[in-house]
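Student: I'm new to this structure and would like a close look at a single part of it. Could you pick one helix and walk me through how it sits among its surroundings?

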Amino acid sequence: MNYKNFKRKIYLEDKPRAQAREEILAAHSLTPEKEEIATSTSLGRVTAEPIFARVSMPHYHASAMDGIAVVAESTYQAHEQNPLRLKRGEEFSYVDTGNAIPSPFNAVIMIEHVDVIDEDTIEIIEPATPWQHIRPIGEDVVQEEMLFPQGHILRPADLGVLLAGQQTVIPVTKKPVVTIIPTGNELVDADAAELAPGKIIEFNGSVFAGFIQDWGGEPVLHPIVKDEPEKIKEVLLEAAETSDIIVINAGSSAGSKDYTVHIIGEIGEVFTHGVAARPGKPVILGKINGKIVVGVPGYPVSAYLALEWFVRPLICKYLQIPEPKRQTVTVKLGRRIVSSMGAEDFVRMNIGYVNGQFVANPLTRAAGVTMSYVRADGMLIVPTNIIGYEQGDLAEVELLRPLEEIKNAIVFCGSHDLTIDLLSSRLKRVRTDMKIVSSHVGSMAGIMAIRKGEAHVAGIHLLDPSTKEYNLSYINKFLAGQDVILYPFLKRKQGWILPKGNPLGIETAADIARVHANYVNRQKGAGTRILFDLLLEEGCLTPDDITGYDREMFSHLAVAAEVNGDAHGAGLGIYPAAKAMDLDFVPVADEEYDLLMTRSFYESESGRLLISLIQSADFIAQVEKIGGYQVIENAKPKCLLKEV
C-alpha cells in the first residue's frame, strides 16, 4: 500500500475516555494462561485457581509455651496450701514451645509456674485445665481448607502460609506479555555517542516497561523502529504473534509521518482514534490478529496517561484482579484553572499542607514536560462538563505520593534559587520523612502565597526602584497587618548571562539593545525582571528596545539553557546558573535574597530545623563553594507586624 497517498485526517472522533475504555475491554477476549512456579518465588503473582492446604497447621498437638506437659485431671488438688509434687516421666514431661505433646498428657504448665525440687521432681501450686497452653491440630489451618481464592495477589506473609500448608509449587496466572514498540526517525538510544540537534533520546519505552511490570505484566521492549510504514507493519504483525498486548509509541497523531492508525486499519481493526482528554488525546485503540494494540502519543506525559487509561485495565482484566484506585484528598486551589467543555483535563499538581489545609497549585500542562509528572504530588481531573475552577475553590485530587510525605513537606514558593535544592537535600538527610517542595513563580507571587496561606516559605529579592532597598517596601505594602518574618538568607550576584567569550561584547542593558541580542527575560513579578526594568529605565530604554523582552522563563537555569543554545543570546540571572552551563557572566549587581515566612512557621519545629540547616557550617561551605553566593551567617530575623 502507498502510505504517502493517504488522505490526511485529524481524528476519527473525540470519543469519551470511559467509552473507549469499555470498548477495548470488551474486545479483549484472551483466555488467561496459567503456569506453576515455586512458592518461594511467587511474591506479587496472582493465583490462577483456589489453593488448599495439604496439611493442617499445626498437624500435631503442640506446646504453646516452655514448661511441663501433665495430665490435667491429676493436678486438680494442687493449691498454695497443698503443693503437689510430680515425678518426671510418669506424671510430667518437659516441653518447649512447638514440641509435640507426648501421650497421655493433655495440658501444659508454664515453666515460670513450676518449682524444681530436683532433677526428677517438680512442685506446682495451681491446677491445670485440659488443653491449656496447647495448640490443637488445625488451630491455624485445617487440611483441605482453602488458603487463597483465584485472583489473589500474593504478599510476603501469604508465602509463609502456603509453605506451612506444604504448597511448595503453586498455579499462578501467567503474566501477559506486552510488547513495546518505540517508533521515530528522531529517536536514539540513551548511550548514543553524540546527540545531534533534532535527535531525541528514547526513554519512553523503559518507562512503559516499568509501569507494565508494576501492574503485573511482562514487558518486552523492542528496538527503535524508524518511520517506515512497511517496517512498522512487519513489527506489529510479529508482535501480534508473540504478545498478549501491543503498545506502539508515537505516530498516533495526524502528521505526515503518523502512519500507525492506517497500518493498524489495514492489517487489523481500529476502534478509536482520539479521545476527549488533555493531554493524551491522540490515542489509537485497535486489534491485530486477536491482540489488542494501543497506540500512544510520543509526548511523555500524554503517553503515560494513555498507558494508565487503556493498558493497565487490560492487564488487570487478564490477571482477573481489580484495577487499583488512588487515594484522593480535598485541596484548596492556589490558582485559577481554565479548561474547555467537552474534554477531560488531567492537571498535574503540587500539593502542600499549610496551616492545617491541603493547598494545590498546577504544574505546567505541557504534554512533553516529563518533570512535571515526576514532581507532581497529585492529579486534578477536570470533568468534561465544567470550564475549570476559580482560585480558592475546593477540588478533589488523586494522589501520586503518600499523604504523609505531602503533609511533612515544607512548601517553598517565590523566586528560584539553586541553593533551595541543596537545602532540600540536606533536610532529607537529617529527616528522611521530610522534603522541600518548591515552585518557581517569582518573588511577587511568593509574597502573595504567604499572604493567602498557601506556602510556608517564599524566596524573594524585590528591589524598590525608588529606595534601592530590597523586599521591605513590598512586604509592608502587601502584607500589612500580618505577623511575618523576613529572614536574611543570601547575598548573591546578578549579572548578564552570555555565550562563551561574550561574542557581542555586552556590558550593559544599552549594549543588549544596540546589538539586538536575543534577550531571555524572566516572568512578570520575578525580582530579576524588576531589576532588568530598572536597568532599562536608568539607560533611558523601554521594553520595545529589547529583542525578546516578552520571552519569559521561570528559572535562572532555564534562562542559561536558552542562552547556551544561541550565539546571539543574552539574559539576566545569577552566577551559578551561568557557571552550570559554562557561560560567561558579567556582574551587574549584588542583591539580597531573603526568606519570607509567617511567625508561626518560623517558630515551629520545621521552621527551627530549617534555620539550623541554613546556619550549619556544612551548608554554608557547600553554598559558597558554588561561587557568586554569600550566606548571611548568624542572621537576625526581621519581625514585620504592621498596623492596618
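Tutor: Happy to! Let's start with the outward side of helix 2, where Pro156 and Ala157 are exposed. Keep in mind as we go that this is a predicted model.

Now turn to the covered side. Helix 2 runs over residues 156-164, and within this stretch Asp158, Leu159 and Leu162 are buried. Viewed down the helix axis, the buried residues of helix 2 fall within an arc of 105 degrees, so they line one face of the helix. A general point about helices helps here: an α-helix has 3.6 residues a turn, so residues three or four places apart point the same way.

What do the buried residues of helix 2 pack against? Their partners are three strands: strand 2 (51-52), strand 11 (146-148) and strand 12 (169-173). Just after the helix comes Gln166, which takes a positive phi of about 65 degrees.

With the helix in place, let's step back to the whole protein. It has 18 helices and 38 strands. Its radius of gyration is 34 Å, well over the 26 Å that the globule rule gives for 644 residues, so the protein is more spread out than a compact globule. The C-alpha trace spans about 110 × 75 × 50 Å along the principal axes. Of the 644 residues, 50% are buried. Among contacts with a separation of 6 or more, 76% are between residues 24 or more positions apart. As for the outside, the accessible surface comes to about 29,500 Å², and carbon and sulfur atoms account for 51% of that.

For a contrast with our helix, try a strand. Strand 25 covers residues 357-362, and 5 of its 6 residues are buried. Strand 22 (residues 328-333) runs parallel to strand 25 and is joined to it by 2 bridges, with Leu333 partnering Ala360. Strand 24 (residues 344-354) runs antiparallel to strand 25, with 6 bridges between them; here Tyr353 stands opposite Phe358. Strands 24 and 25 form a hairpin with 2 residues between the strands, and in that hairpin Asn355 takes a positive phi near 55 degrees.

Finally, look inside. The largest nonpolar core has 41 residues, and Phe412 is one of those with the most contacts inside it. Leaving aside neighbours within four places in sequence, Phe412 is in contact with residues including Ile420, Val457, Leu595 and Leu610. A second, separate core has 40 residues, among them Ala209 and Ile292.

Terms used:
Residues numbered from 1 in each chain as written. Predicted model: local features only at pLDDT ≥ 70, side-chain atom pairs only at ≥ 80, totals over all residues. Heavy atoms only, no water. Buried < 20%, exposed > 50% of the residue type's maximum accessible area, 1.4 Å probe, protein only. Helix = DSSP H or I, 4+ residues; strand = E, 2+ residues; numbered from the N terminus. Pairing = 2+ DSSP bridges. Core = buried A, V, L, I, M, F, W, Y, C linked by side-chain atoms within 4.5 Å. Contact = heavy atoms within 4.5 Å. Rg over C-alpha atoms; globule rule 2.2 N^0.38 Å. Areas by Shrake-Rupley, 256 points an atom, 1.4 Å probe, with all protein chains shown as cover. Arc of directions from axis to C-beta.
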